[in-house]
Amino acid sequence: MLGVSKRRCRDPQPVLTIGTMASINDLPNNILLELFSLVPARQLLLHCRPVCSLWRDLIDLVSLWKLKCQREGFIPKKWGQPVSDWKVFYFLCSLRRNLIRNPCAEEGFEFWTLDVNGGDEWKVEDLPGDHGRVFPNSHVKKYFVTSYYTCLKSQLVDLKAEGYWEELMDRTRPDIVVKDWFAARQDCGCKYQVCVQLLSSGHVPLGTFQPDPVAIQQWSDAKWREVSHTFSNYPPGVRYIWFQHGGVDTHYWAGWYGPRVTNSSITIGPELT
């Protein structure tokens with residue numbers, strides 16, 4: 001480390017002398033923790049933790065990951081309930097988002113696989129639509145609508161590609177929350193269905209949510225309804241999540257009189273405030 005020596009000499013400029021090289025490990029542990037709290041989490045584990053035993057021990061401290069959660073605003077919804085592992089909690093919170101792409105039809109049918117496209121086929125319409133109701137969330141502007149023969153569409157979520165590595169899923173097995181919204185036209189009856197499966201690397205089902213189809217009679221209130229399910233304590237080995245929904249109108253009218261769906265979501269991990 002370069003030190004500054006202000007010897008009196010003809011040259012008024014300070015003379016630089018070579019001093020002893022200081023180490024970052026000479027800093028107090030609380031200062032090192034503050035510094036580590038500013039480093040991206042993956043860099044901490046991949047590049048900082050292997051440096052030396054001191055860094056490893058500091059990076060493994062609960063206090064560091066609790067501090068990182070506080071910095072990021074990751075506060076559990078049930079604050080009185082203890083967090084079993086703040087490091088895991090941090091990563092789950094940082095990864096938390098809707099894993100369904102294009103859930104509200106803003107990009108047409110991008111990212112969706114049209115498994116069954118009967119009748120006059122799937123269509124995208126603007127809310128509230130004919131004989132429809134306003135959606136509870138004003139940010140949602142569009143929906144998908146089915147026809148007089150069955151229409152089904154799906155997405156396959158690759159958990160590893162989304163950042164959920166195998167050890168995280170197998171050891172922690174965080175809650176997987178699935179939600180969907182559906183509605184009928186007021187002037188036509190319809191039938192709505194949804195199926196969600198947790199799949200292994202070989203696409204073997206390890207958990208399934210498939211409630212009975214919901215039949216809505218003609219001249220209903222046309223309100224938007226939410227269906228929700230939480231997968232908990234599922235077997236290890238989950239690598240994919242398959243989501244499929246759709247339905248059919250029950251009057252077999254030409255056009256798009258079947259159930260409307262929008263704002264689908266799959267989220268993993270704890271609820272936040």
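**Legends to close-up views of the domain interface and glutamate 125**

**View 1. Polar contacts and salt bridges between domain 1 and domain 2.** Between domain 1 and domain 2, 2 residue pairs are in polar contact, both at pLDDT 80 or more; a polar contact is a pair of N or O atoms within 3.5 Å, where, within protein, one must be able to donate a hydrogen and the other to accept it, and residues adjacent in sequence count only if both atoms are side-chain atoms. The model is predicted, so local features need pLDDT of at least 70 and side-chain atom pairs count only at pLDDT 80 or more, while totals for chains, interfaces and linings use all residues. Residues are numbered from 1 along each chain as its sequence is written, and side-chain values use heavy atoms, without hydrogens and water. The interface holds 0 salt bridges (a side-chain nitrogen of Lys or Arg within 4 Å of a carboxyl oxygen of Asp or Glu).

**View 2. The area buried between domain 1 and domain 2.** The domain assignment gives domain 1 as 26-95 and domain 2 as 113-268. About 540 Å² is buried between them (accessible area, 1.4 Å probe, lost on being put together, summed over both), and carbon and sulfur atoms give 74% of this area. Val88, Leu92 and Leu95 supply 78% of the area that domain 1 buries against domain 2.

**View 3. The surroundings of glutamate 125.** Glutamate 125 lies in strand E4 (residues 123-126; strands are DSSP runs of at least two residues, numbered from the N terminus). Glutamate 125 counts as buried (under 20% relative accessible area, 1.4 Å probe, protein chains only) because its relative accessibility is 15%. Its side chain forms a polar contact of 2.5 Å with that of tyrosine 143.

Technical notes. Helices (H or I, at least four residues) and strands (E, at least two) are DSSP runs, numbered from the N terminus. Buried means under 20% relative accessible area, exposed over 50%, partly exposed in between (1.4 Å probe, protein chains only). Contact means heavy atoms within 4.5 Å. Domain bounds come from an automatic or database domain assignment. Buried area is the accessible area (1.4 Å probe) that two parts lose on being put together, summed over both. Lists of a residue's contacts leave out its neighbours within four places in sequence.
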